[in-house]
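Colleague: I have a model open and would like to understand how it is put together. Can we go through it step by step?

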Amino acid sequence: MELIIVWLLCGVIAGAVYGNKGKSSVVGFLAGIVFGPLGILFVLVTPTDQAAIENKAIQSGASKKCPHCAETIRVGASVCRYCGRDLANPVQVNKRCPSCGTMNIDKAILCWSCSTKLD
Ligand SMILES: [Zn+2]
Ligand SMILES: [Zn+2]
């Protein structure tokens, strides 16, 4: 009887670990039930499916993609943790250089193209 409980426990643990890795927790559960501790070992050595985890997070609304570098970040983030860019206030590129006509960001002091002073 105790052995069954241990095996069931193995299934639950393996299922949880496998699910956290972006895989099917049902498959992990079955692996734990069938192989016991070996099943847990199996799910532990299985590489994490990062893409699946990110897709799940995006679908659940917990994450979004950074518009600058396309990495997955938290929805509430105001600065991307990958590229460090500001997400709350996207950089505005509205300042036209009077000399060469190149568009510069609003905060620019000099034109990035010809170095003319912008006002
Ligand atoms: Zn980014
Ligand atoms: Zn210019």
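**The core and its helices**

Modeller: Start with the largest nonpolar core, in a model that is predicted. Eight residues form this core: Cys10, Ala14, Val17, Tyr18, Phe29, Ala31, Ile40 and Val43.

Colleague: Which element gives the largest share of this core?

Modeller: Look at the elements that give two or more residues to the core. They are H1, H2 and H3. Four residues, the largest share, come from H1.

Colleague: Why do the buried residues of H2 lie on the same side?

Modeller: Helix H2 spans residues 25–35, and its Gly28, Phe29, Ala31 and Gly32 are buried. An α-helix has 3.6 residues a turn, so residues three or four places apart point the same way. The buried residues of H2 are on the same side because their arc around the axis is only 160 degrees.

Colleague: What covers the buried residues of H2?

Modeller: Two helices are part of the cover. The cover includes H1, residues 2–20, and H3, residues 37–45.

Colleague: Which residue just after H2 takes a positive phi?

Modeller: Go to the end of H2, which runs over residues 25–35. Just after H2, a positive phi of about 60 degrees is taken by Gly36.

Colleague: Which residues is Cys10 in contact with, leaving aside neighbours within four places in sequence?

Modeller: Cys10 belongs to the largest nonpolar core. With those neighbours left out, Cys10 is in contact with Gly32, Ile33, Gly36, Pro37, Gly39 and Ile40.

Colleague: What distance separates the centres of domain 1 and domain 3?

Modeller: The domain assignment puts domain 1 at 2–48, domain 2 at 50–88 and domain 3 at 91–119. Taken over C-alpha atoms, the centres of domain 1 and domain 3 are separated by 58 Å.

Technical notes. Residues numbered from 1 in each chain as written. Chains lettered and ligands numbered in written order. Predicted model: local features only at pLDDT ≥ 70, side-chain atom pairs only at ≥ 80, totals over all residues. Domains from an automatic or database assignment. Buried ≥ 20, exposed ≤ 12 C-beta atoms within 10 Å, placed from the backbone. Arc of directions from axis to C-beta. Contact = placed C-beta atoms within 7 Å. Core = buried A, V, L, I, M, F, W, Y, C linked by C-beta atoms within 7 Å.
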